[in-house]
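Welcome! Could you put together a few short exercises on this structure, with solutions that go one step at a time?

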Amino acid sequence: MPISGTPSRAQLVDHLVRTRIAGDVATPRENNLSHYRQLANGVRNFWLGLELGDRWTDEQDVLAVMAERVGVNDDPEYRFGQDTIDPELTVDALDRMAARLRKAAEGRQRVLFATGHPGGLLDVHRATAAALRAAGCEIVVIPDGLSTEEGYVMQFADVAVLEHGATLWHTHSGEPMRAVLTGLERAGRPLPDLVVADHGWAGYAGQHGVDSVGYADCNDPALFLAEAEGTVQVVVPLDDHVVSPRHYDPMTAYLLAAAGLA
């Protein structure tokens with residue numbers, strides 16, 4: 001049955017597992033290891049807007065971080081089958097994100113929201129933006145006329161997205177965030193105090209020196225490496241595209257309540 005209202009921690013953990021946001025997730029082990037290997041081999045699409053240099057060239061080092069921060073199987077010989085996200089780590093990260101959102105609300109900071117996974121996470125960001133606006137924060141409006149080679153950088157429901165062919169676009173690239181921050185600087189407007197995002201949007205913001213928090217799947221290791229290095233402040237591990245985006249509603253309710261924004 002769906003959860004009404006704000007779940008307790010135990011209720012949320014159970015919900016995350018039942019909906020496969022965490023626990024036994026849909027992403028197979030072989031896909032995870034392939035992505036860790038490609039990141040270690042320097043394939044930029046897997047760096048999510050970050051500059052990792054030569055610090056993560058051993059895929060076993062990447063796996064170790066992912067086991068610690070996400071809860072994937074830490075056995076390098078386990079190469080095929082089911083992989084996991086530890087729901088307790090997901091909720092721990094939500095609590096850390098809530099603390100940063102509370103700080104933003106108390107300081108009435110300027111906050112920018114963005115997603116490279118609009119099919120799953122757009123409404124999570126929209127609801128968080130609405131709560132911060134109600135608390136007195138400025139939700140950053142991006143400049144008009146921004147684009148990248150992939151498409152146009154637009155804003156819907158307070159969330160920056162990439163639009164291509166009249167469709168909201170799934171992207172790992174940091175270029176849309178580069179376009180937004182460059183556009184703000186060109187217009188003489190201040191950069192955000194905080195970015196709440198995912199994928200390359202979160203990675204590039206953190207790399208650019210803006211406080212950044214966000215969400216990432218177990219096959220997207222770059223943001224967790226950035227969190228380990230301190231480039232990104234908080235990364236919540238989850239499956240970022242489950243069967244229904246409504247499954248994320250209890251998670252969002254828990255996050256906003258923990259931040260004092262409910």
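Below are five exercises with worked solutions, based on a predicted model.

**Exercise 1. Describe how helix 1 and helix 4 pack, and name the residues that meet.**

Solution. Two packed helices are described by the angle between their axes and the distance between the axes.

- Step 1: Take helix 1 as residues 9-18 and helix 4 as residues 87-106; their axes come within 9 Å and cross at roughly 125°.
- Step 2: An angle that is neither under 35 degrees, nor over 145, nor from 65 to 115 counts as oblique. Helix 1 and helix 4 are therefore oblique to each other.
- Step 3: Look at the handedness: the crossing of helix 1 with helix 4 is right-handed.
- Step 4: From helix 1, the residues in contact are Arg 9, Leu 12, Val 13, Leu 16 and Val 17. On the helix 4 side they are Pro 87, Glu 88, Thr 90, Val 91, Asp 92, Leu 94 and Asp 95.
- Step 5: Sorted by class, this contact of helix 1 with helix 4 has seven nonpolar residues, one polar and four charged.

**Exercise 2. Do the same for helix 5 and helix 9, then find which residues of helix 9 are buried.**

Solution.

- Step 1: The axes of helix 5 and helix 9 (residues 249-258) come within 10 Å, crossing at roughly 25°.
- Step 2: Angles under 35 degrees count as roughly parallel, and helix 5 and helix 9 are therefore roughly parallel to each other. Their crossing is right-handed.
- Step 3: Helix 5 brings Asp 123, Val 124, Ala 127, Thr 128 and Ala 131 to the contact, while helix 9 brings Asp 249, Met 251, Thr 252, Leu 255 and Leu 256.
- Step 4: Six residues in the contact of helix 5 with helix 9 are nonpolar, two are polar and two are charged.
- Step 5: Pro 250, Met 251, Thr 252, Tyr 254, Leu 255 and Leu 256 are the buried residues of helix 9. They pack against helix 1, helix 4, helix 5 and strand 10 (212-216).
- Step 6: After helix 9 comes Gly 260, with a positive phi near 75°.

**Exercise 3. Locate Cys 137 and decide: is Cys 137 buried or exposed?**

Solution.

- Step 1: Find Cys 137 in the loop between helix 5 (118-134) and strand 4 (138-139).
- Step 2: The relative accessible area of Cys 137 is 6%. Buried means under 20%, so Cys 137 is buried.
- Step 3: Leaving out residues up to four places away in sequence, Cys 137 touches Ala 104, Ala 105, Arg 108, Gln 109, Val 111 and Leu 132.
- Step 4: Compare sequence and space: Arg 110 is 27 residues from Cys 137 in sequence, yet their C-alpha atoms are 5.9 Å apart.

**Exercise 4. Which residues touch the most other members of the largest nonpolar core?**

Solution.

- Step 1: This core has 87 residues, and those touching the most other members are Leu 39, Leu 101, Val 111, Leu 132, Met 177, Val 180 and Tyr 215.
- Step 2: Helix 4 gives the most to this core, with eight residues.
- Step 3: Take Leu 39 as an example: its contacts beyond four places in sequence are Phe 46, Trp 47, Leu 52, Trp 56, Val 62, Pro 221, Ala 222 and Leu 225.

**Exercise 5. Describe phi and exposure for Ala 157 and Asp 158.**

Solution.

- Step 1: Ala 157 lies in the loop between strand 6 (152-156) and strand 7 (159-164), and Asp 158 lies in that loop too.
- Step 2: Ala 157 is not a glycine, but its phi is positive, near 50°. Asp 158, also not a glycine, has a positive phi of about 75°.
- Step 3: Ala 157 is partly exposed, at 44% relative accessible area, and Asp 158 is partly exposed at 22%.

Methods
Residues are numbered from 1 along each chain as its sequence is written. This is a predicted model: local features need pLDDT of at least 70, side-chain atom pairs count only at pLDDT 80 or more; totals for chains, interfaces and linings use all residues. Side-chain values use heavy atoms; hydrogens and water are left out. Axes are lines fitted to C-alpha atoms, for helices over the stretch in contact, and angles run from 0 to 180 degrees between N-to-C directions. Helices (H or I, at least four residues) and strands (E, at least two) are DSSP runs, numbered from the N terminus. A crossing is left-handed if the near helix is turned anticlockwise from the far one by less than a right angle, and right-handed if clockwise. Contact means heavy atoms within 4.5 Å. Ala, Val, Leu, Ile, Met, Phe, Trp, Tyr, Cys and Pro count as nonpolar, Asp, Glu, Lys and Arg as charged, and the others, Gly among them, as polar. Buried means under 20% relative accessible area, exposed over 50%, partly exposed in between (1.4 Å probe, protein chains only). A nonpolar core is a set of buried Ala, Val, Leu, Ile, Met, Phe, Trp, Tyr and Cys residues joined through side-chain atoms within 4.5 Å.
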